[in-house]
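Subject: Structure for your review

Dear colleague,

I am passing on the structure we spoke about, with a summary of what turned up in it. Please read the notes beside the model itself.

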Amino acid sequence: MPLSPSRPAAPTDTLGDRRVTRSSRRSRVVRTTAALLGVALAGGLAACSNDPVADQYRNGDNKGYIGSDGMRVEEIKPADRSKPVSFGGTLESGKKFSSAEISGDVAVVNFWYAACGPCRVEAEDLQSVWKKFDGKGVSFVGVNTYDQAGTATAFNDKYGVTYPSIIDVNTGDAKLAFAEVTSIQATPTTLVLDKQGRVAARVIGPIGSASILETLVQDALDEK
């Protein structure tokens, strides 16, 4: 199957002045982000219906959330992208992972941890997008910034997540690799990498809905 520590202080936004409008489709994503996020959180996820931490987040309690100044979707034009990111680490399964294994794929990299309310809320949407693009040149990999393997595995079992995650709490190597090109201050943060391994899009905060991430992934796939 393709593959697909301390907590930070106040967030910074190194990509702010790179924010661009790539297409009419991208514009629709940005215009509808707030509405879709509200629908997703109000409706909730079936897998999280009895989840106190997820419910606290939906009710406005940011417990388990390393926050930014609100959910944002950013895309970066190819000419403005930084260098490719090489990253890796040990997965929750104990296997070693290197980004070289997914070279040439569009990649979705999600930074998360188990006690994070919005991470729980977005888990089903992330999984659904992974399933939609499985076998189509798209890889998913999580980067768990806080938990050990047992906790991450229990989360995957509860929320039906089938793509792997790097357990980064012991070394911080994966987060550091991305910090060289983009800020990772809010959890969750989801990055879309282009086929060259460069950051093509970033979602700060929960993805809001599967359709938002699907659009970002498809944009990256459509690039020549």
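How much space lies in the second largest pocket? In this model, which is predicted rather than experimental, the second largest pocket holds about 160 Å³ of space. Its lining is made up of 16 residues, and those that lie nearest the centre of the pocket are Val85, Ser99, Ser103, Gln196 and Gly197. By character, the lining residues divide into seven nonpolar, six polar and three charged.

One of those central residues leads directly to the strands. Gly197, which is among the residues nearest the pocket centre, also sits in the turn of the hairpin that β7 and β8 form, where five residues lie between the two strands and Gly197 has a positive phi of about 85°. Strand β7 covers residues 189–193 and pairs with β8 in the antiparallel sense over five bridges, and within this pairing Thr190 has Val203 of β8 as its bridge partner.

Strand β8, residues 199–204, also pairs with β1, again in the antiparallel sense, this time over four bridges; here Glu75 stands opposite Ala201 of β8. Is β8 mostly covered or mostly exposed? It is mostly covered, with six of its six residues buried. Strand β1, which spans residues 72–75, is likewise covered on both faces, since its buried residues are Arg72 and Glu74 on one side and Val73 and Glu75 on the other.

For the wider setting, the protein has six helices and eight strands, and from the N terminus on these elements run α-α-β-β-β-β-α-β-α-β-α-β-β-α. Of the 224 residues in the protein, 54% are buried.

A word on confidence belongs with all of this. The mean pLDDT of the protein is 79, and 69% of its residues reach 70 or more. Over residues 1–49, however, the pLDDT is below 50, although this stretch has 113 contacts in the model beyond near neighbours in sequence. The pLDDT is also below 50 over residues 60–68, a stretch with 27 contacts beyond near neighbours in sequence. Where pLDDT is low, the predicted coordinates should not be read in detail, and I would ask you to keep that in mind as you look through the model.

With best regards

Methods
Residues are numbered from 1 along each chain as its sequence is written. This is a predicted model: local features need pLDDT of at least 70, side-chain atom pairs count only at pLDDT 80 or more; totals for chains, interfaces and linings use all residues. Side-chain values use heavy atoms; hydrogens and water are left out. pLDDT is the predictor's confidence in each residue, from 0 to 100. Contact means heavy atoms within 4.5 Å. On a 1 Å grid over the protein atoms alone, a cavity is a set of points where a 1.4 Å probe fits but cannot get out, and a pocket is an open set with protein on both sides within 12 Å along at least five of seven lines; lining residues have an atom within 4 Å of a point. Grid points are joined across faces, edges and corners, and a volume is the space filled by probe spheres set on the points. Ala, Val, Leu, Ile, Met, Phe, Trp, Tyr, Cys and Pro count as nonpolar, Asp, Glu, Lys and Arg as charged, and the others, Gly among them, as polar. Buried means under 20% relative accessible area, exposed over 50%, partly exposed in between (1.4 Å probe, protein chains only). Two strands pair if DSSP finds at least two bridges between them.
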